[in-house]
Amino acid sequence: MSKQIFNGVFQNKTVLVTGHTGFIGSWLTLWLKQLDANVIGYSLKPPTEPSLFDILDIKKGITNVISDLRDKEKLSSIINEYKPEIVFHLAAQPLVRESYEKPVETFEVNVIGTANLLQAIRNSSVKSAVIMTSDKCYNNRIENKMHIETDPMGGSDPYSASKGAAELVTSSFRDSYFDKENNRVEISTVRAGNILGGGDWAKDRIIPDSIRSLINNSNIMIRNPSSTRPWQFVL
């Protein structure tokens with residue numbers, strides 16, 4: 001891979017990736033390493049066994065911080081110590097069904113965790129931050145209509161509601177703190193759909209679940225067969 005992709009914007013830059021031990025975070029961290037970025041990873045331990053993070057030994061050559069987004073003092077200390085210029089915020093409780101079982105934890109991680117990160121990058125070295133939410137962040141009450149970015153945030157299940165709330169928190173911080181000449185940080189959100197690719201062993205994902213069913217010689221179960229899903233390849 002050419003290290004001059006994107007005009008070398010990541011080369012020799014210090015980049016903080018939250019959620020770097022997860023499926024998408026592992027791919028992102030691997031990609032940034034290929035582009036000669038100095039990666040600071042902040043996340044819980046890999047959420048699956050096996051994991052892409054462990055198989056590829058991604059922690060080699062990065063600063064690997066195993067910690068919780070809800071620990072705002074630790075998060076702030078890491079940002080102050082390593083002084084990243086760019087942040088990719090991927091850490092989250094990512095599963096809809098688990099949000100029904102653990103609603104408070106889902107809101108704590110996805111909403112308060114995002115607020116902790118945004119607070120930590122105020123008056124810091126950070127110049128640009130990308131906050132990943134979800135295509136489920138919308139208040140999905142209109143049938144037969146594709147969503148546009150300005151549709152209302154919301155969601156009936158705790159996961160969707162938490163992602164809508166994370167969007168509102170990010171918008172509030174952007175307007176209140178980061179859109180000022182004396183504290184200019186470029187903040188964007190990205191609303192990911194169903195992401196597929198190698199190294200995903202998470203539960204409640206259609207492709208991994210289907211592969212597990214084939215391996216176990218059992219029926220493939222599609223929980224919502226009438227749903228239309230957007231798909232994105234991880235790279």
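**Reading a fold, feature by feature**

Tutor: Start where a helix stops. Helix α7 is followed by N217, and the phi of N217 is positive, near 55 degrees. Keep in mind throughout that this is a predicted model.

Student: Which residues of helix α7 are buried?

Tutor: First the general idea. An α-helix has 3.6 residues a turn, so residues three or four places apart point the same way. Now the case here. Helix α7 spans residues 206–215, and its buried residues are P208, D209, S210 and S213.

Student: Take S213. Why does S213 count as buried?

Tutor: The cut-off is under 20% relative accessible area. S213 has a relative accessible area of 12%, so S213 is buried.

Student: What does S213 touch, leaving out residues up to four places away in sequence?

Tutor: With those set aside, S213 touches S218, N219 and I220. For scale, look also at S76. It is 137 residues from S213 along the chain, and the C-alpha atoms of the two are separated by 43 Å.

Student: How many cavities of 30 Å³ or more does the structure hold?

Tutor: It holds 1. The largest cavity has a volume of about 40 Å³. Its lining brings us back to α7. The residues are R205, I206, D209, S210, M221, I222 and R223. Two of these, D209 and S210, are also among the buried residues of α7.

Student: Now pockets. What is the volume of the second largest pocket, and which residues are closest to its centre?

Tutor: The volume is about 470 Å³. The lining has 18 residues, and the closest to the centre are I24, L28, M132, V234 and L235.

Student: Which elements supply at least two residues each to that lining?

Tutor: They are α1 (23–34), β5 and β10 (231–233). The largest share comes from α1, with 4 residues.

Student: On to the sheet. In what order do the strands run, and is the pairing parallel or antiparallel?

Tutor: Read the order across the sheet. The 6 strands go β3-β2-β1-β4-β5-β8, the sheet is open, and the pairing is parallel. The edges are β3 (63–66) and β8 (186–190), each pairing on one side only. On average, neighbouring strands are turned by 15 degrees against each other, direction ignored.

Student: How many bridges join β5 to β4, and how many join β5 to β8?

Tutor: Take the two sides in turn. Strand β4 (residues 86–89) is joined to β5 by 4 bridges. On the other pairing, 5 bridges join β5 to β8. Both pairs run parallel.

Student: Which residues stand opposite one another?

Tutor: From β4, F88 has V130 as its bridge partner in β5. H89 stands opposite I131 in β5. Towards β8, M132 stands opposite V190. You have met M132 already, as one of the residues closest to the centre of the second largest pocket.

Student: What lies across β5 and β8, and at what angle to β8?

Tutor: That is α6. It lies across both strands and runs at about 165 degrees to β8.

Student: Where are the nonpolar side chains, and which residues have the most contacts inside the largest core?

Tutor: In soluble globular proteins, nonpolar side chains tend to be buried together. Here the largest nonpolar core has 24 residues, and those with the most contacts inside it are L16, V87, L117, L118, I121, F178 and I187. At least two residues each come from β2 (38–43), α3 (72–82), α5 (103–120), β5 (128–132) and α6 (158–178). The most comes from α5, with 5 residues. There is also a second, separate core of 17 residues, including F23, I62, F88 and I195.

Student: Two charged residues to finish. Is E98 buried or exposed?

Tutor: The same cut-off of under 20% applies. E98 is at 15% relative accessibility, so E98 counts as buried. E98 is found in helix α4 (residues 96–101). Leaving aside neighbours within four places in sequence, E98 is in contact with Q93, T106 and K203.

Student: And D135: where is D135, and what does D135 touch?

Tutor: D135 is in the loop between β5 and α6. With a relative accessible area of 22%, D135 is partly exposed. Not counting residues up to four places away in sequence, D135 touches R191, A192, G193 and P230. D71 is 64 residues from D135 along the chain, and their C-alpha atoms are separated by 27 Å.

Definitions and conventions:
Residues numbered from 1 in each chain as written. Predicted model: local features only at pLDDT ≥ 70, side-chain atom pairs only at ≥ 80, totals over all residues. Heavy atoms only, no water. Core = buried A, V, L, I, M, F, W, Y, C linked by side-chain atoms within 4.5 Å. Buried < 20%, exposed > 50% of the residue type's maximum accessible area, 1.4 Å probe, protein only. Pairing = 2+ DSSP bridges. Axes fitted to C-alpha atoms, helices over the stretch in contact; angles between N-to-C directions. Contact = heavy atoms within 4.5 Å. 1 Å grid on protein atoms, 1.4 Å probe; cavity = no way out; pocket = protein on both sides within 12 Å on 5 of 7 lines; lining within 4 Å. Points joined across faces, edges and corners; volume = space filled by probe spheres on them.
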